[in-house]
Amino acid sequence: MPTMPLLQLSRQSKSLIAFLLIPLLIVLPASLYITYDNVMHNLRSKAQTYVNRMDDVISQLHQENQKAMRAQNGCMAIREELLETSQLRELILLKDNLAVCSSKRGVMVSDMSQIIAQRVTQHSSMFFFDINDDPHQRTMVVIDTYPSKPESGSLALVDKSYLVDRLGQVANDQISYVTFKLGAKTFPQENPFYQNTFSYLGTSSLYGYSVLINANSNYVFSRASYTLFFCLLLSLAISGALLLANHHYRQRRSLAYDLRKGIQRQELFVMYQPIIGSQSGDLEGLEALVRWKHPDMNLVRPDIFVPLAERQNLVNDITDIVLEETLDNLKQLARNQNLDHKHAPLHIGINVAPQYLHEKQHINMLIEYGKAFAKIGFSLTIEITERQVLDAKGREALKTLRQHGIRIAIDDFGTGHTSLSVIQQTEFDYLKIDKCFVDSIGLDTVNAPVLNSIIDLAHRLGVRIIAEGVEDTSQADYLKTLNVHLLQGYLYSRPIDIDDLKKQLCPA
Ligand code: C2E
Ligand code: CA
Ligand code: CA
C-alpha cells in the first residue's frame, strides 16, 4: 500500500523530532536556571563585599567620633590629632546643636540643628547628606552623641571622593552599578534604585542601609551563552543516546513481532543433522534443529531467534512446532520401504528449553510424542542445555519422562557454571560434548585436558557420549580412540532438510 511508507516515515520523523526536542525542553530551562543561579551567587558575594567595605568606613568614623568626644584637650589638640588622619574627612565637635570645633576649620560656631535633625537613632547614626542641598555633593555623615546630651557629641563628614575611593571600583565587566540606600536617599545619587531579574538587594545588619547591585548585561549574556553551549552539547548527547536506544529497542521489538507472525504464518521449519556411531560409521540418530525463513531476511540463525523466543515466551510454541513437524517428517521417512533400519530405533534429539517442562500438559504431550516416535522406529531424546537453569520441577519432569522411555541428553556440557551439580542431580542418558572442547583436539589449549576429563567422567557415569562439531577426521579418530560413542558434525553432514534426508537415507 502506498500510504504505509509515508505513514512510517512520518512516525519516524515524529520520534526523531521528539528525541531532539525532549532533552532540549529539559536542558534549556535548566541552562537558564543555572545561568540565573550563577549570576545571583556572584552578585550576592559581591554585595557582601560592598557591605563589608561600607561597614568598615562607618565603624572607623564612629571610632574617630568617640575618640574626639573623649579628648579633653580642646579644639587645637583635636585638630592636630585628626587632621593628620585625612584631608578627606571633617570631624566637627557639637555642643548643644552648635558646631564648636572642626578638624579642618578650627574653632567655630555654626548651627548644626538641621543636620542633627536628620539622625535616625538617638545616640549614634549615619545618613547620606547633600552639602548645600545639592544632590551632586551627596556624601555621608556619621554622628555620635553623649547618652545624656543628645545635642552634643561629634559629627564626621566625609568627602564624596573618599567614599568612592574606599568602596573601590564599582562598575566592571560583571557589574553595571552598585547603589546604597538609607531612608529616601541613595548613593551615588545618579544611580537608579530598582530591582530587576539580574540584580541583588542586600542589607547591612550593622547599620541598616541597603545595597543594590546590578549585573552587567554583557556579563549575563556571556554566562548564558557559555552555559547554553554546554547544555546544548549535553542535549545533543542525550538525544543521540535516546535515538540509539530507541533504534535498538525497535529492532528487537520488530524482530519479536516478526517472530510471532512467523510462527502463525508457518515460516519455521526443521532441519536434521545426522549423528554417526563412532565405531560403526553408520547413522544412529538425528538432531532436529529449527530454522526460520524470514520473508525479508531469509534464514535467521536460531542463535538469534531462539533466545529472543525465550524472552518473549514463544519458545514453547517453537518446541510444539518442532515436535509436530519432526514427527510428521519422520513418518514420511518411515513409510519409505527403503529406509535402512540397521540401527533401529534411531535416536531423534529435540532441543527443549527447561521452561517447557513446567507445564503438566507438555509432559503428557512429550510422553505421547515418545510413543508416536517409537511406533515409527525412533527413540525420542530431549536435549536440555546445561547453560539454562534446570530447577527441581524440571528435574522431576525429566524423571517422569525417563520412566516413559524418553531419553535425556545434557547439551553443551562443560560450558555453563553448573556442570557438576547438573550431573549430580539429574538422571540422564547422553552427555553432549560442546564443539569448543572438540575444537581443542590437537591444540595446546586450556580446553584440551577438560575434554579428556569430561569423556572420562561420562564413562564412569555409564552414560553415552555424543561429541558435537566434529569437522575433521583427526578429531573423529581421536574421539573414537577415547570410546566416544556418537559423533555429530560437518565432517559427516551439515543440518539438512527433510528432502535431502530422504535422499540420503532412502536411496532410490
Ligand atoms: P545446539 O543444540 O548446540 O546445536 C548444535 C549447533 O551446532 C547447530 O547450530 C548445528 O548446526 C551446529 N553444528 C553442528 N555441527 C557443527 C560443525 O561441525 N561445525 C559448526 N560450526 N557447527 C556445527 P544451529 O542449528 O545454528 O543451532 C544453534 C543453537 O540453537 C542450538 O545449539 C540450540 O541451542 C538452538 N536450537 C536449535 N534448534 C532449536 C530448537 O528446536 N529448540 C530450541 N529450544 N533450541 C534450538
Ligand atoms: Ca542440541
Ligand atoms: Ca550443543
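This report walks through the ligand site, the calcium site and two backbone details of a predicted model.

**Around ligand 1**

Let us start with ligand 1. The space that ligand 1 takes up is the largest pocket. The elements giving two or more residues to the shell around ligand 1 are β12 (283-294), α6 (302-311) and β16 (407-413). Of these, β12 contributes the most, with four residues.

What is the make-up of that shell by residue class: how many nonpolar, polar and charged? Eight residues are nonpolar, four are polar and eight are charged. There are 20 residues around ligand 1, and those that come nearest are Gln273, Arg291, Asp303, Glu471 and Tyr490.

Several side chains also place a polar atom by an oxygen atom of ligand 1, and they are set out here for easy reading.

| Side chain | Distance to an oxygen atom of ligand 1 |
|---|---|
| Asparagine 351 | 3.1 Å |
| Glutamate 287 | 3.2 Å |
| Aspartate 412 | 3.4 Å |

Taken alone, ligand 1 exposes 800 Å², and the protein buries 82% of that area.

**The calcium ions**

Aspartate 412, listed above for its contact with ligand 1, appears again at the calcium ion (ligand 3), where Asp412 is one of the protein donors through an OD atom. The other donors are Asp411, also through OD, and Glu468, which is listed with OE twice. These donors lie 2.2 to 2.7 Å from the ion.

How are the donor residues of the calcium ion (ligand 3) spaced in sequence? The pattern reads D-D-x55-E. The site thereby links distant parts of the chain: aspartate 411 belongs to strand β16, while glutamate 468 is in the loop between β18 (464-467) and α13 (473-481), and the two are 57 residues apart.

Aspartate 411 has a further role in the picture, as a bridge between the calcium ion (ligand 3) and the calcium ion (ligand 2). Those two ions lie 4.3 Å apart.

**Two backbone details**

Most residues other than glycine have a negative phi, and most peptide bonds are trans. Two places in this model are worth a look with that in mind.

Phenylalanine 187 and proline 188 are joined by a cis peptide bond, with omega about -5°. You will find proline 188 in the loop between β8 (185-187) and β9 (199-203).

Glutamine 266, a residue other than glycine, has a positive phi near 60°. Glutamine 266 also sits in a loop, the one between α5 (217-264) and β11 (268-277).

Notes: Residues are numbered from 1 along each chain as its sequence is written. Chains are lettered from A and ligands numbered from 1 in the order in which they are written. This is a predicted model: local features need pLDDT of at least 70, side-chain atom pairs count only at pLDDT 80 or more; totals for chains, interfaces and linings use all residues. Side-chain values use heavy atoms; hydrogens and water are left out. A residue is near a molecule or strand if one of its heavy atoms lies within 4 Å of it. A polar contact is a pair of N or O atoms within 3.5 Å; within protein, one must be able to donate a hydrogen and the other to accept it, and residues adjacent in sequence count only if both atoms are side-chain atoms. Accessible areas come from the Shrake-Rupley method with a 1.4 Å probe; for residues, only the protein chains shown count as cover. On a 1 Å grid over the protein atoms alone, a cavity is a set of points where a 1.4 Å probe fits but cannot get out, and a pocket is an open set with protein on both sides within 12 Å along at least five of seven lines; lining residues have an atom within 4 Å of a point. A molecule sits in a cavity or pocket if more than half of its atoms lie within 2 Å of its grid points. Ala, Val, Leu, Ile, Met, Phe, Trp, Tyr, Cys and Pro count as nonpolar, Asp, Glu, Lys and Arg as charged, and the others, Gly among them, as polar. Donors are N, O and S atoms within 2.8 Å of the metal (3.2 Å for Na, K and Ca); water is not among the atoms, so sites may look incomplete.
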